[in-house]
Amino acid sequence: MQLIEEFVSILQHVDRPGNFCVSGYADIHVPRIAVTGVGTIALPLVPVQAEQLLAVADPAPYGRGSDTLYDPKVRRTWQVDANQVKITGRHWQSDLDSIIEQVTTGFGITDKVVAEPYKLLIYNKGSFFVTHRDTEKTAGMFATLVMVLPCEYNGGTLRVQHNGMEEQFDLHPTDPSEVAFAAFYADCRHEVLPISSGYRLVLIYNLLRKGKKRALKPPSYSDQQQWLETLLRTWGQNVAVTEDVDVDAEGADALDADTDYDADNSEATGTLPLKLIYPLEHAYTQAELDFSTLKGKDIVIVDVISKACAGADCDCYLALLKVWEAGYANYNSYGYDDDDHFEVGEVTDSEYILQHWRHHSGQHLGIDKLEFKITEVCLPEVLQEMEDAKPEFEEATGNAGVSFERTYQHAVLVFWPRVNRNRIIARAGIGVSVPFLAGLIQRLDKQALIANSPEYQDALQLSQQIRTTWPQNTSPKLLVSRGRERDFLGLLRQLGDIKQSCAFVIDQLITGRNYGTEVNESLVKLLREIPVEEASQLLTDVFTKLAPNHLESCANLLSLCTEPPALSQKILLAATPVFVKALPSDPNQSISKGVITQALIVNTLTA
C-alpha cells in the first residue's frame with residue numbers, strides 16, 4: 001500500500017469532530033442574580049457580598065462511589081443550590097444560548113443541548129478542589145459547564161485531563177460585561193488549583209442532550225493517533241536513508257515522485273515524498289487560518305495528525321495551498337454574457353505554492369512560499385475543484401489572442417519528518433533557503449555555537465545542503481538574486497565554517513555565474529580569517545578566473561583588501577599581478593566599449 005493511501009485510510013476512522021473540553025470568553029448583558037438570604041448580587045462581585053454569600057452557603061461535598069463526603073483536604077469550596085438562585089434579565093437566555101452554541105461547536109455536537117442550572121459556587125482565598133470526575137447527575141447529562149462571573153481573584157486555574165491529554169484554563173473575566181467559561185465531558189478528570197487572593201463566583205450547569213437518555217462520551221482517537229505516529233516514524237526512518245539525488249538549476253525537488261510503501265515490513269519500495277499535504281474540510285481566509293480557529297471535523301483531524309507528528313519527530317504546519325494558472329482561451333458560440341463567450345483552452349503557465357504558514361507556537365517558519373507537487377497531496381481530488389474556479393478572460397488585442405487567468409486556494413496541513421526539513425528548505429531555492437538559514441542562526445546564541453549544540457549542527461547541515469544545491473546556471477531569473485551569494489557567505493562565516501566558506505567561493509563565486517560587488521565585503525572578511533598561504537591562493541584564483549570578465553568588480557575587491565585592517569602584503573603582492581595582467585592592452589578600444597570605467601580606474605589606483 002502506498003504511504004499516502006495508508007495515511008488517508010487511517011484518518012477515515014476519525015469521523016467525529018470535537019474536543020474533550022472547550023473554553024472561551026463571552027460578552028453578556030449583565031443579568032440580575034438574586035440569592036435567597038442575600039438578595040441581588042452586584043457584579044463585579046464586591047467583597048462584602050462575597051462574605052454574605054459565604055454565610056448562607058454550605059460546604060461543597062464530593063462523591064466517592066455512592067457516598068457523599070465532606071473533607072476540606074479534598075474540596076474547600078462553598079455552594080448554593082440552584083433552587084436558591086434566581087437569574088433574570090431580558091437578554092440572559094440569549095446570552096446563555098450563545099455560550100452553549102460555542103460549546104457545542106467545540107464539542108462537535110449537532111444535537112440540541114440544554115443547560116440545566118446546578119450550583120452557584122463561591123471560592124475565597126485558599127479554596128480548591130483536587131482532581132476528580134463529575135457524576136452524571138441526570139439522564140442525558142454528558143458534560144459540565146463552568147461559567148465564571150465578573151469578579152476579582154488570583155489563582156484558581158482549571159486543569160482538565162482526558163486520555164493522557166491535559167488543558168489548563170485561566171478563567172479571569174477582565175470586563176464587568178464579560179464572563180469566562182469552560183465546558184468538559186463528565187468523565188474527564190479535572191481540578192481547581194488554590195485561590196491565592198480575592199473571591200471567585202461561578203455558575204455550574206449540567207449539559208444535557210435533549211431527548212437522549214444515554215450520556216455522550218468524548219471522542220477518543222488514541223488508536224488512530226498511535227497508528228499514524230508509527231507510520232510517520234517509519235516514513236522518517238526510511239526517507240533518512242534514501243540516497244540523495246541531483247536537483248535542477250532552480251533547486252526544484254527531485255525526490256517528490258510517488259512511491260509504493262510496504263506496510264508489512266515498513267520498507268520503502270520506491271522514492272518516498274519529502275513532505276505530505278492534507279487538505280482541510282472548511283474554507284479559511286489568510287486572517288482566519290490558525291490552530292485556534294479551526295471548525296468542525298478539522299479540529300479533531302488536525303489534533304490527531306499534529307499529536308502524531310509530535311510523537312514521530314515530524315514538523316507540522318497549517319498553510320494555504322494556492323494554484324494559479326494562465327494560458328489561452330477559446331471562443332464559443334453559446335455564451336449569454338461576455339465571459340460566456342470564452343472557455344479555458346491551453347494552460348501555458350502555472351504556479352503551485354504553499355504560503356501563509358502557521359505553527360502551534362506562533363513561531364514564524366521563515367518561509368513565504370514553498371512549491372509543492374500534486375503527488376504530495378493526500379486527497380488530490382480537492383485540486384479538481386480548480387476546474388470550477390471562475391477564470392478571468394481578457395479579449396484579444398492586436399496580434400494577441402484571448403487569454404485567461406484563474407486562482408484556486410485551499411487550507412491544508414503540511415508535515416514532514418524533521419530529518420527532511422533541511423532537504424526541503426534547501427531544494428526550495430536560495431530565495432527561501434538563505435533567509436531560513438539566517439533565521440536559524442539569529443536564534444543561536446554564542447554559547448550554542450561554542451557548545452556545538454544540536455541547533456548549531458542543524459544550521460550547519462542546512463548550510464551544507466544549500467551549498468550542494470546551489471543553482472548551476474546563469475538564467476536571468478537567477479541574476480536578480482545574486483545578492484544571495486553575499487548573504488550566504490556571511491552566514492557561513494557566522495557559523496565559523498571557514499572550510500565550507502572557501503569551498504563555496506571556489507565552487508560558486510569564481511565560476512563567475514552571478515559574481516558582483518555585492519559579495520566582496522564578505523569575501524574580504526573571509527580572506528582576513530584564513531591562513532596567509534590559503535588567502536594568497538584563494539585571492540589569486542579569484543582574480544585568475546574573474547578579472548578577465550569582471551574587471552570593475554575585481555577592482556572593487558582589490559580596493560577593499562587594502563582598507564584597514566588590510567590584508568597582509570604577502571597576500572596582496574601574490575594576487576595583484578594577476579589582476580593587473582587582466583587589464584586591457586588597448587585603452588582606447590576598452591573605453592569605447594565601456595570596459596574601462598571611472599570606478600575601475602579609481603579603485604585600481606587606490607589599491
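In this predicted model, Val-146 stands opposite Ala-182 of strand 16. That pair is a handy way into the sheet, and a second pair lies along the strand: Val-148 has Ala-180 as its bridge partner in strand 16. Both belong to the pairing of strand 12 (residues 141-148) with strand 16 (residues 178-185), where six bridges join two strands that run antiparallel.

Strand 16 also has a partner in strand 1, and here the antiparallel pairing extends over seven bridges. Ala-180 appears again in this pairing, since Tyr-25 stands opposite this residue of strand 16.

Stepping back, these strands are part of an open sheet of seven strands, ordered 1-16-12-19-10-8-4 and paired in the antiparallel sense. At the edges are strand 1 (21-27) and strand 4 (58-59), each of which pairs on one side only.

What becomes of the side chains of strand 16? Glu-178, Ala-180, Ala-182 and Phe-184 point one way, while Val-179, Phe-181, Ala-183 and Tyr-185 point the other way, and all of them are buried. Because buried means under 20% relative accessible area and eight of the eight residues of strand 16 meet this description, the strand is largely enclosed by the rest of the structure.

Helices complete the picture. Helix 2 (residues 47-56) lies across strand 4, strand 8 (78-81), strand 10 (113-123) and strand 19 (200-209), and runs at about 100° to strand 10. Helix 3 (residues 92-107) packs on the sheet as well, touching strands 1, 10, 12, 16 and 19. The direction of helix 3 makes about 150° with that of strand 1.

Conventions:
Residues numbered from 1 in each chain as written. Predicted model: local features only at pLDDT ≥ 70, side-chain atom pairs only at ≥ 80, totals over all residues. Heavy atoms only, no water. Pairing = 2+ DSSP bridges. Helix = DSSP H or I, 4+ residues; strand = E, 2+ residues; numbered from the N terminus. Contact = heavy atoms within 4.5 Å. Axes fitted to C-alpha atoms, helices over the stretch in contact; angles between N-to-C directions. Buried < 20%, exposed > 50% of the residue type's maximum accessible area, 1.4 Å probe, protein only.
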